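Hi everyone, thanks for making time this morning. I'd like to walk you through one structure, so please have a look at it while I talk.

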Amino acid sequence: MTIRYAIVCDPKCLRQWHARCIEELLAVAGPTCIGVLARGSRARPDGAWSRFERRIASVPGSAMAPAQGSPTKALDVLDDAGVAGADLLVVLGSIDDRHLPSPPRLGVWAFSHDRPDSFPVGLGPMLRGEHVVQISLVRIDNGSTVHTGASGVIAKSYPRTLDAALLGSAGFAARALREAMVTGQCPRVDRPAVQEAKGDPDAALPQLRRMTRAARIRDAAKWLFRHEQWGVGVADRPISDFLGDGELPPIRWLPRSRRSHFIADPFARRRGDTLWILVEEYEAREARGVLSIVQWRDGGLPAPPRRVMEQPVHLSYPFLVDDGDEIYCIPETGEAREAALYRADPFPDRWVKVCTLVEGPALLDPTVVRHEGTWWLFGSIEERERVMALHAWHAEHLEGPWKPHGLNPLKSDIRSSRPAGTPFMHAGRLYRPAQDGSREYGGAVAICEVESLTPAAFRERVVRVVRPDPRGPYPCGLHTLSGVDSQTVIDGKRRVFVPMLCARQLATLARKAFGVRG
């Protein structure tokens, strides 16, 4: 099916994030951009907030900076008659929709925050102390939501929050266009568009400045004196039990490590009366993760971790998968710019690299599941600070070749994109654990029900958010749930003072203050 679309914008007032959106649209194979319908944008009345926005826009590379060159220069300029044959209009900028042509077959798409009367992007969530900025692409001709996502609030900086929200959503229109190409219909998300609160941004500016100053002080104190330490435990319940409401089931935690050491990202296999738990092991002195194995016999105490895989790059998230009689591991090796498959030879002490599954992006937490006869590989790419996108690949065989999903990125949502453990089946439905990093890294795990998964379609919804026990030994977060038979291995986070890390960070500050490199 062919889709003909036109872009409606003010070519003189395009921002960097608008240019990124246009580039993403033009990169979609199949649809035809017939040109640009120029319309004047409505400027915000001059005032303290307008001056503040101009300062933000003056920073090179920011989302609000004027677009470099003219991303619409190579496109035909249209008049109202010229868009008569379009199937879709995509509006970029604060354009008054009262002067647009009649809606075409697939409607008129615009970003909810880009409306002429909208509150500044992200300002409302920051003032309310929220942790995410939700952005929607909507059909302004009928009010339905076409696509939606969320980036994280960076409490100490409104400009960085703004950049994350705008640049993180720049691909929404392209993703929705790919879906329209497959279905022949305008995509529709079963949730209302996000509406920013209205108000006077000039009056809110002093409050915003006070809040960001306080957040900088809090973040600096946490960075210096409150360091993350992770631990691993076992729940004697199947992973499907975490779908239920209520508190976490009882967890048997491994003994706490010394402050400069931790283990996290557990995946496990049972052999007779022994549970073998493969983990990331991190030592502050080395500042690099390795993979280690913990042996825990039923009725006994867990043995200390012993290393089974080290590389020049940081290793974490040792995802385990079975294929036939073999056990494989796909660790996160983002620094190596690849997701590689390793075979146990023998399990669990020796691992032999078999092949590279995906290379190029720094893929976070690669996770594999076989579903309805097809192998699926999920992983996240951190597009920028506090912006996390989910990507997928599919293959007939575990060793590949792996083909990217037709809708990549599948979603961009800080609350439920990044994988967080083993997908599992329950009552005939597929569920996917995902990290909820909205409050902070590793804050909680969102369990998503995958409602549709084919090479050309994807849809899921969050059905449960698993949060840490505030009264337990690791009250600050959790980011891995892995099922193994009738048990579940889990990790948890607490904050402690690590003198070595504090000294290292003070040295970093001193080098910056005196302009010393290295």
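I'll start with the nonpolar cores and then move on to the salt bridges. One thing before that: this is a predicted model.

So, the cores. The largest nonpolar core has 53 residues. If you want to find your way into it, go to I7, Y158 and L208, since those touch the most other members. Helix α5, residues 172-183, gives this core its largest share, with 7 residues.

Let's stay with L208 for a moment. Which residues does L208 touch, leaving aside those up to four places away in sequence? They are W49, F52, L123, M126, L127 and Y158. You'll remember Y158 from a moment ago, as it is one of the residues that touch the most other core members.

There is also another core, lying apart from the largest one, and it has 35 residues. Among them are I293, V308, V321 and C329.

Now to the charged side chains. In general, side chains of opposite charge can pair when their charged atoms come close. Here the count comes to 34 salt bridges, and I've picked a few to show you.

First up, D163 and R384. Their closest N and O atoms are 3.8 Å apart. D163 sits in helix α4, residues 158-168, while R384 is in strand β19, residues 374-384, so this pair ties together parts that are 221 residues apart in sequence. Is D163 buried or exposed? Its relative accessible area is 12%, under the 20% cut-off, so D163 counts as buried. R384, at 29%, counts as partly exposed.

Next, K411 and E460, whose closest N and O atoms are 2.8 Å apart. This pair also links distant parts of the chain: K411 is in strand β22, residues 411-412, and E460 is in strand β26, residues 457-466, with their positions 49 residues apart in sequence. Both K411 and E460 are buried.

My last pair is R415 and D413, which meet in a salt bridge at 2.8 Å, N to O. How exposed is each partner, then? R415 has 26% relative accessibility and counts as partly exposed, whereas D413, at 8%, counts as buried.

Finally, some salt bridges share partners. In this way R429, E449, E451, R459 and R461 are joined into one network.

That's my tour, and I'm happy to take questions.

Note on methods:
Residues are numbered from 1 along each chain as its sequence is written. This is a predicted model: local features need pLDDT of at least 70, side-chain atom pairs count only at pLDDT 80 or more; totals for chains, interfaces and linings use all residues. Side-chain values use heavy atoms; hydrogens and water are left out. A nonpolar core is a set of buried Ala, Val, Leu, Ile, Met, Phe, Trp, Tyr and Cys residues joined through side-chain atoms within 4.5 Å. Buried means under 20% relative accessible area, exposed over 50%, partly exposed in between (1.4 Å probe, protein chains only). Helices (H or I, at least four residues) and strands (E, at least two) are DSSP runs, numbered from the N terminus. Contact means heavy atoms within 4.5 Å. A salt bridge is a side-chain nitrogen of Lys or Arg within 4 Å of a carboxyl oxygen of Asp or Glu.
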